Amino acid sequence: MNITWYIVLSSLLFSTGVLGILIRRSPMVILLCLELMLNAGNLALVAFSRMVGNGQGQVFAVIVMVIAACEVVVGLGLIVAIFRRKLPLNVDDLRELRG
Amino acid sequence: MEAVLFFVAAIGALGGAIGVIAMRNPFYSVLALIAHLFSLAVLFLLLTAAFVAAAQVVVYAGAVMVLYVFVVAYVGGGGESAWEPIPGQRLLAPLLGIALFVELSVAVLGSALKALETKGPDVGAGFGNPAAIGRLLLAAVGAIVLAARRREAEGDTPSKHSPTRLEGVSPSAPQA
Amino acid sequence: MSATAWCWLVLLFPLLGSIVIALGFRALPQKAAGAIGTAAIGLSFACGVAALVSLLGDSPDARHHASSLWNYASVAGLDIKLGILTDQLSVFMVLVVTGVSTLIHLYSFGYMASDEGYHRFFSYLNFFVFSMLLLVLAGNFVLLIVGWAFVGFASYALISFWYRRETATRAGMKAFVINVVGDIGLVLAALLIFREIGSFDYGTVFQRAPEVFATNEWSVTAICLLLLLGAFAKSAQLPLHTWLPDAMEGPTPVSALIHAATMVTAGVYLIARTHALFVLAPTAADIAAFIGLATLLVAATIALVMTDLKRAIAYSTMSQIGYMVVGVSIGAYGAGMFHLMTHAFFKALLFMAAGSIIAAMANEQNIDRMSGFGRAMRFTSIAMLCGGLALAAFPLTSGFFSKDEILAYAGSRGGMYVVFTVLGYFGAFLTAIYTFRLIFRILPGEPCPEAQELIDTGHVHHAHPFNPATGEEEDTDVGFPGPEHHIAEQSASMRVAMAVLAFLALVGGLIQMPGIDNVVANWLDPVFADSPLAAIHPSTEWSWIGLAIGGAISLAGIWVAHLLYVRRPELPRSLEARFRGLHTFLFHKWYFDEAIDFLVVRPALAIGRWANRVFERFVVDGLVTGTEETVRGTSGVVRAVQNGFVRSYALLLIAGFAGLALYFLISSS
């Protein structure tokens with residue numbers, strides 16, 4: 001298979017992730033779409049690594065995964081905190097930082 | 001053979017992605033993402049990146065998604081209202097998504113990417129037992145489902161309780 | 001000290017007086033303010049005399065000195081200085097102005113004694129004298145314009161001195177507006193002069209004028225016509241004369257000083273000073289002469305039917321200034337200036353006497369109600385008689401010599417100027433009639449009630465304060481005339497001033513008798529030596545023949561007035577009935593006020609109203625509001641971008657990214 005397929009698929013998944021961020025209002029789902037985008041990036045990285053021939057892309061993909069995991073932790077922690085304060089879980093309503 | 005597998009995995013990935021953005025219930029979105037991640041793992045295998053595939057399954061699907069599932073169970077989360085407060089968002093967002101995809105594709109297709117026929121060395125083998133991992137996952141999911149069912153049976157939904165207490169789980173913090 | 005130093009002092013004293021009185025009006029007692037004001041002008045007069053003496057020490061051809069204090073602007077071809085010119089003409093004017101002003105200040109000392117605005121009066125009066133002196137001493141056109149404008153302001157301030165009287169304030173505004181029309185002419189003329197000659201300085205301009213201009217070239221004619229515009233507005237000649245009768249709303253000393261002796265002569269001075277330009281534009285000079293002649297006759301005819309005492313004297317002023325304008329326009333410079341001097345004497349005296357009589361009548365100004373003051377107020381009547389004789393050019397009075405000298409010059413110039421002589425004599429005839437109309441109405445006969453009261457009790461008649469023009473009631477607080485009215489018989493300062501002027505009015509002509517002495521003409525001749533017209537001199541025989549004719553006409557006029565108003569008083573009424581239309585025409589002052597209202601005032605008001613309703617509302621407001629609306633609309637659009645929604649920001653972000661990617665795709669392909 002041509003690497004091009006993988007890259008095109010990656011860009012399609014990335015665009016889907018972008019669409020999701022713009023469309024959905026629940027922070028949970030927005031984080032999921034963020035995951036989509038990161039994974040699309042991973043796919044592209046690995047595909048290019050295959051194309052080039054060394055394992056650098058794969059290493060980078062693993063690092064990306066680690067970072068994504070950390071970011072998910074923080075994000076979910078935020079969501080839990082918001083939920084515990086009984087604020088609406090709606091990105092449109094969470095417009096101000098309030099103490 | 002490889003092409004067939006590619007297309008199957010691709011459709012799975014795409015389907016999962018669309019499921020993430022389209023499902024009303026965030027829980028279903030999480031499940032869709034899990035499906036997406038597995039498809040992606042297959043794609044990584046097709047690209048002979050076995051370690052990355054394994055890492056994907058273990059880290060992403062196994063840990064991160066479990067975390068997601070727990071939080072969705074805790075927070076609950078219904079659907080979102082249909083009304084869009086920002087004028088033009090529902091129109092512009094798909095347009096921009098398509099535009100982005102087209103631009104990226106043009107960029108990629110316009111460039112000369114060599115097609116690689118040979119497969120690289122097999123990276124991952126013997127990294128964890130897929131079956132064991134799958135069973136652990138199943139157990140976690142089942143526990144949550146059962147807990148949710150029991151709460152419904154007692155006529156209780158998580159939103160009725162104070163957020164500091166979880167039914168069915170021993171409280172770790174003193175009563176507030 | 002040099003003559004110019006004395007002249008700077010001449011300028012300084014009235015200015016100081018004005019400022020001191022103005023600043024110290026609370027601290028200074030009333031008499032002190034009056035004394036300071038009078039002393040300031042007196043000192044000025046003394047310095048003027050000193051300047052005269054100093055100039056006499058120079059040879060007749062070298063008696064002009066320019067002096068400047070500092071430069072206003074000396075860049076790019078401009079060279080404007082604060083500079084004065086001390087020569088025979090300016091010193092002559094200084095002496096006339098300060099001399100008569102001192103006497104009028106003395107008169108006001110007593111006349112305005114009970115007015116609440118006493119200090120303000122003297123401050124304004126001093127300021128006026130300062131401005132007038134600035135005007136006559138100015139050495140360049142810029143300073144002339146400054147003095148001109150100041151004089152206009154002082155006139156406005158003094159006419160509307162009784163500021164709570166609406167007729168007075170309206171008259172002040174009318175005077176000021178008409179003066180501004182003249183100012184425009186003067187400023188345009190100065191600018192044209194600068195454009196053609198390149199300097200504002202008198203010396204430079206008059207020296208280079210013959211080189212720059214050919215005779216009757218359009219530019220010099222335009223300059224002269226514009227100068228005439230200024231001169232006629234200030235000197236109340238046709239058609240810009242309508243402000244002078246209304247200016248009688250001011251207190252009598254103001255009428256005496258400004259509207260008889262000094263300010264209205266500024267126009268005559270201007271024409272005399274710029275004679276070098278008028279010599280090059282004979283057409284303009286002739287126009288000036290004819291307008292002067294027309295004013296002379298029109299004003300004389302109106303004065304024949306005027307019933308308000310002060311306004312009648314005002315029209316007489318207008319008429320006499322017509323003589324002066326004729327004089328300096330046709331080349332009789334010395335004679336014209338001499339008439340200016342004698343007119344200052346007898347006209348100021350007439351106004352002072354009129355003021356005394358009006359005070360005795362408790363501010364009533366209608367001569368139909370006055371009679372018999374010859375017995376009630378001896379001193380005032382004698383003073384009035386002296387002034388009247390001089391005005392009517394009774395033989396051997398000052399007016400006799402001055403007025404007829406102008407007419408003799410016109411005759412000797414020949415050609416069409418004989419018209420001036422003939423009509424000038426006719427005007428003199430009318431002058432004698434209307435002057436003695438006033439005198440025979442007021443002085444002899446049965447005393448009117450107010451005069452009777454004065455004879456019986458020795459007290460001035462008291463009436464409830466009222467506006468003499470409209471009859472409406474007033475009070476005596478500040479802004480209106482004071483409660484007491486002062487007549488000459490009861491006020492020493494008034495008597496002294498009137499006595500001096502009466503003496504001068506009677507004997508002042510003796511310094512300029514043709515063939516015997518020519519003091520004024522000899523003094524002023526070097527100034528006008530560059531004019532070819534000054535070389536024309538009527539021979540002594542012709543002069544005395546002219547004087548004899550003038551004397552005869554004057555006596556004839558007095559005889560006619562005596563006939564009409566003393567021996568056969570029913571004649572005027574029957575004449576009025578026979579010539580009803582003519583009488584109404586004259587009584588309404590030839591309908592000039594109405595004409596100006598129709599031609600100028602109404603269109604101006606209409607334009608103003610259109611500007612307010614249409615232009616202001618649609619164009620100006622439209623532009624301003626339109627700009628505001630545009631900005632508001634644009635900012636509204638821009639503000640919509642910042643709506644606080646994260647998702648719309650994300651949308652913008654992605655849109656920007658997509659745009660950037662598009663740009664790179666296109667540029668790289």
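How much area is buried between chain B and chain A, and what percentage of it do carbon and sulfur atoms give? The area is about 5,600 Å², and carbon and sulfur atoms give 74% of that. Before I go on, please keep in mind that this is a predicted model.

Let me stay with chains A and B for a moment. On the chain B side, 68 residues are in contact with chain A, and on the chain A side 55 residues take part. Between these two chains there are 0 salt bridges. There are, however, 9 residue pairs in polar contact, counting pairs where both residues have pLDDT 80 or more.

Which parts of chain B supply the side that touches chain A? Four helices each supply at least two residues: H1 (2-22), H2 (26-46), H3 (50-75) and H4 (89-110), all of chain B. H3(B) gives the most, with 13 residues. Sorted by class, that side of chain B has 50 nonpolar residues, 10 polar residues and 8 charged residues.

Now the second interface, chain B with chain C. Here the contact takes 11 residues from chain B and 12 residues from chain C. The two chains bury about 1,000 Å² between them, with 75% of it on carbon and sulfur atoms. Which residues of chain B lose the most area to chain C? They are Ile86(B), Leu96(B) and Glu103(B), and together they account for 50% of what the chain B side buries.

The count of salt bridges between chain B and chain C is 0. For polar contact, the count is 1 residue pair, again with both residues at pLDDT 80 or more. The side of chain B that touches chain C divides into 8 nonpolar residues, 1 polar residue and 2 charged residues.

I will finish with a single residue in chain C, Ser131(C). You can find Ser131(C) in helix H4 of chain C, which covers residues 118-137. Is Ser131(C) buried or exposed? Ser131(C) has a relative accessible area of 0%, and therefore counts as buried, since the cut-off for buried is under 20%. What does Ser131(C) touch, if we leave out residues up to four places away in sequence? The answer is Gly147(C), Phe150(C) and Val151(C).

To go over the main numbers once more: chain B and chain A bury about 5,600 Å², and chain B and chain C bury about 1,000 Å². The salt bridge count is 0 between chain B and chain A, and 0 between chain B and chain C. That is what I have for today.

Definitions and conventions
Residues numbered from 1 in each chain as written. Chains lettered and ligands numbered in written order. Predicted model: local features only at pLDDT ≥ 70, side-chain atom pairs only at ≥ 80, totals over all residues. Heavy atoms only, no water. Contact = heavy atoms within 4.5 Å. Buried area = accessible area lost by both parts, 1.4 Å probe. Salt bridge = Lys/Arg side-chain N within 4 Å of Asp/Glu carboxyl O. Polar contact = N/O pair within 3.5 Å; in protein donor to acceptor, adjacent residues only side chain to side chain. Nonpolar A, V, L, I, M, F, W, Y, C, P; charged D, E, K, R; others polar. Buried < 20%, exposed > 50% of the residue type's maximum accessible area, 1.4 Å probe, protein only.
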